[in-house]
Amino acid sequence: MANPSAIIPDTGPPLPAQRFALYTSSQGNYFFHEIRDLIGAGLEVLGMKVELRDECAGFARGADWHLVIAPHEFFELGAGRDLVPKPWPANLILFNTEQPSTRWLELSARHFEQAAAVWDLDL
């Protein structure tokens, strides 16, 4: 991996490390795991702590932020369905990967209002 100091300019004191739990569906498409891994690598370069998870064990305890990549898979496949009616962490972000006018975006959008924020792969 590249030297982080070569990538990130010195902008002052480092931010306090926060813990991010990144989620993808265990039954989902492999490329969403790759997106998760890339986001995780970027967060680690910024000095954050990253935990990679799936839906099987539910939401991580003690994470500062929860980021669900591809909510249309995470909440619609396997054990993710069981998480929909349960309380979600207040600091949960959904990372939408789907295009407008698709069935997959409709599935993701069902969950947008419950999230603290929605990030989009490509606005």
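## Ile35 and helix α2

Leaving out residues up to four places away in sequence, Ile35 makes contacts with Ile69 and Phe95. This residue belongs to helix α2 of what is a predicted model. Its relative accessibility is 19%, and because the limit for a buried residue is under 20%, Ile35 counts as buried. The C-alpha atoms of Ile35 and Thr97 lie 9.5 Å from each other, although 62 residues separate the two along the chain.

Helix α2 covers residues 30–45, a run of 16 residues. From the first C-alpha to the last it reaches 23 Å, close to the 22 Å expected at 1.5 Å a residue. Besides Ile35, the buried residues of α2 are Phe32, Arg36, Ile39, Gly40, Leu43 and Val45. Just after the helix, Gly47 adopts a positive phi of about 90°.

## Overall architecture

The chain contains 5 helices and 5 strands. Read from the N terminus, these elements follow the order α-β-α-β-β-α-α-β-α-β.

Of the 123 residues in the chain, 40% are buried. Among contacts with a separation of 6 or more, 71% are between residues 24 or more positions apart. The exposed area of the chain is about 7,500 Å², of which carbon and sulfur atoms supply 56%.

## Strand β4 and its partners

How many of the residues of β4 are buried? The count is 5 of the 5, so the strand is largely enclosed by the rest of the structure. Leu92, Leu94 and Asn96 point one way from β4, while Ile93 and Phe95 point the other way. Phe95 is also one of the contacts of Ile35 in helix α2.

Strand β3, residues 65–69, runs parallel to β4 and is joined to it by 4 bridges. Within this pairing, Leu67 stands opposite Ile93 of β4. Strand β5, residues 117–120, likewise pairs with β4 in the parallel sense, over 4 bridges. Ile93 has Ala117 of β5 as its bridge partner, and Leu94 has Val118 of β5. Between β4 and β5 the chain passes through helix α5, residues 103–109, in a right-handed β-α-β crossover.

## Nonpolar cores

The largest nonpolar core comprises 13 residues, and those with the most contacts inside it are Tyr23, Phe59, Val68, Phe74, Phe75, Leu92 and Leu94. Strands β1 (19–23) and β4 (92–96) each contribute at least two residues to this core. Apart from it lies another core of 12 residues, including Phe20, Ile35, Ile39 and Leu67. Ile35 and Ile39 are both among the buried residues of α2.

With residues up to four places away in sequence not counted, Phe59 touches Tyr23, Arg53, His66, Val68, Phe74, Phe75, Leu83, Trp88, Pro89 and Leu92. Phe75 in turn contacts Phe59, Val68, Gly80, Arg81, Leu83, Val84, Trp88, Leu94 and His111, its neighbours within four places again being left aside.

Where is Phe75 placed? Phe75 lies in the loop between α3 (71–74) and α4 (80–83). Its relative accessible area is 1%, so this loop residue is buried. Phe75 and Thr24 are 51 residues apart in sequence, with a C-alpha to C-alpha distance of 9.5 Å.

## Positive phi outside glycine

Most residues other than glycine have a negative phi. Ala70 has a positive phi of about 60° although it is not a glycine. Ser101 is likewise a residue other than glycine with a positive phi, near 70°.

Ala70 is situated in the loop between β3 and α3, and Ser101 in the loop between β4 and α5. Are these residues buried or exposed? Ala70 is buried because its relative accessibility is 0%. Ser101 has a relative accessible area of 77%, and since exposed means over 50%, Ser101 counts as exposed.

How values were computed. Residues numbered from 1 in each chain as written. Predicted model: local features only at pLDDT ≥ 70, side-chain atom pairs only at ≥ 80, totals over all residues. Heavy atoms only, no water. Expected span 1.5 Å × (residues − 1). Buried < 20%, exposed > 50% of the residue type's maximum accessible area, 1.4 Å probe, protein only. Contact = heavy atoms within 4.5 Å. Areas by Shrake-Rupley, 256 points an atom, 1.4 Å probe, with all protein chains shown as cover. Core = buried A, V, L, I, M, F, W, Y, C linked by side-chain atoms within 4.5 Å. Pairing = 2+ DSSP bridges. Right-handed = clockwise from strand over helix to strand, strands pointing away.
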